[in-house]
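Trainee: Please take a close look at one part for me: the largest cavity. What lines the largest cavity?

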Amino acid sequence: MQIGFSDILQIIVGGLAMGCVYALVALGYTITYNSLRVINFAQGDMFMLGAVFGLTIYLNFGGYYFISLIFAGLGAALVGMIIERIIFRTLRNSPPLNLIIATIGVSIVIRALAQIIWGSQAMSFPPVFGSSPVKIGPIVIMPSYLWIIGIAFVSILFLTFFFKKTLTGKAMLATAQHRDAASIMGINIFKSDSLAASISAGLGGIGGVLVGPIFFVETEMGAIAGLKGFAAAVLGGFGSVPGAIVGGVILGLAENFSASFISSAYRDAVAFLILIGVLVFKPNGILGKKIMRV
């Protein structure tokens with residue numbers, strides 16, 4: 001099969017769309033790690049919860065996608081806050097391995113509860129973005145990709161504004177940099193922890209709602225999404241917010257190119273090949289040092 005220039009552009013757009021989703025999941029890992037010093041392996045399940053919450057809200061409350069997007073993100077954020085209050089805060093002074101094992105246990109529990117509520121069958125999300133392709137110059141693009149890129153971009157802009165321009169965001173940054181100093185200055189570090197967990201889960205939930213209309217929604221979808229988000233965070237430089245975004249985009253592009261030029265059967269393997277390569281040759285990731293910590 002011969003691939004032309006317009007085909008390359010379409011591959012890039014599709015890769016950017018999926019890369020933006022991986023970036024949202026990776027940002028969740030990054031924010032939780034920087035604020036709570038926890039690698040939360042339940043982050044992928046926030047992605048799954050966002051998808052099933054969004055589908056449920058869409059089907060039962062009028063079919064308004066953006067309302068579903070907002071409330072699904074808030075629902076995932078609420079679950080993230082509950083996990084922080086019950087698990088992370090209780091195990092705050094425990095060894096890191098205990099916390100990691102706890103997050104894996106939380107992931108298993110969430111997945112089991114989701115299967116009880118929604119079942120294990122794949123569910124179809126209506127084509128809310130429309131099924132007619134959009135022609136832009138020489139390329140033909142599905143509108144869903146453009147919406148995903150746009151919504152993810154707005155989400156990242158809002159996150160940047162929150163941390164740089166609001167007192168609450170700055171308090172969270174201060175808590176992440178030095179908890180004791182922040183507490184002495186009168187910052188409620190426990191409130192910052194809860195917000196960090198909520199924002200991380202909410203970002204994952206938004207990612208799940210974004211891919212819902214493209215793929216089937218199922219209760220097992222969070223496992224692979226979580227691992228790819230983790231791979232993106234490591235690729236960009238774990239703990240770096242810009243690194244999480246860059247890592248997600250690179251991973252999405254690499255997946256799409258490998259699926260187009262090699263085989264779609266190897267699509268999922270690409271993330272883990274990249275992860276292994278980065279760990280072997282550049283353990284600090286592409287951006288290396290933490291540029292921004294939240």
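Mentor: A definition comes before the helices: they are DSSP runs of H or I, at least four residues long, numbered from the N terminus. A residue counts as lining if it has an atom within 4 Å of a cavity point. Keep in mind that this is a predicted model.

Now the cavity. The count is 2 cavities of 30 Å³ or more. The largest holds about 50 Å³ of space. Its lining consists of Thr-32, Asn-40, Gln-43, Met-46, Gly-80, Ile-83, Phe-88, Ala-197, Ser-200 and Ala-201. Three helices each supply at least two of these residues: H2 (43–60), H3 (65–88) and H8 (189–211). What is the chemical make-up of the lining? It splits into 5 nonpolar and 5 polar residues, with no charged ones. Gly counts as polar here, so Gly-80, a lining residue, falls in the polar group.

Next, the packing elsewhere in the model. The largest nonpolar core has 68 residues. Tyr-65, Phe-163, Ile-199, Leu-210 and Val-217 touch the most other members. Helix H1 (residues 5–36) gives the most to this core, with 12 residues. Take Tyr-65 in detail. Leaving out residues up to four places away in sequence, Tyr-65 touches Tyr-58, Phe-125, Val-128, Phe-129, Val-209, Leu-210 and Pro-213.

Last, helix H9 (residues 221–236). Its 16 residues reach 23 Å from first C-alpha to last, close to the expected 22 Å. Of those 16 residues, 13 are buried, so H9 is largely enclosed by the rest of the structure. Just after H9, Gly-237 takes a positive phi of about 120°.

Key: Residues numbered from 1 in each chain as written. Predicted model: local features only at pLDDT ≥ 70, side-chain atom pairs only at ≥ 80, totals over all residues. Heavy atoms only, no water. Core = buried A, V, L, I, M, F, W, Y, C linked by side-chain atoms within 4.5 Å. Buried < 20%, exposed > 50% of the residue type's maximum accessible area, 1.4 Å probe, protein only. Helix = DSSP H or I, 4+ residues; strand = E, 2+ residues; numbered from the N terminus. Contact = heavy atoms within 4.5 Å. 1 Å grid on protein atoms, 1.4 Å probe; cavity = no way out; pocket = protein on both sides within 12 Å on 5 of 7 lines; lining within 4 Å. Points joined across faces, edges and corners; volume = space filled by probe spheres on them. Expected span 1.5 Å × (residues − 1).
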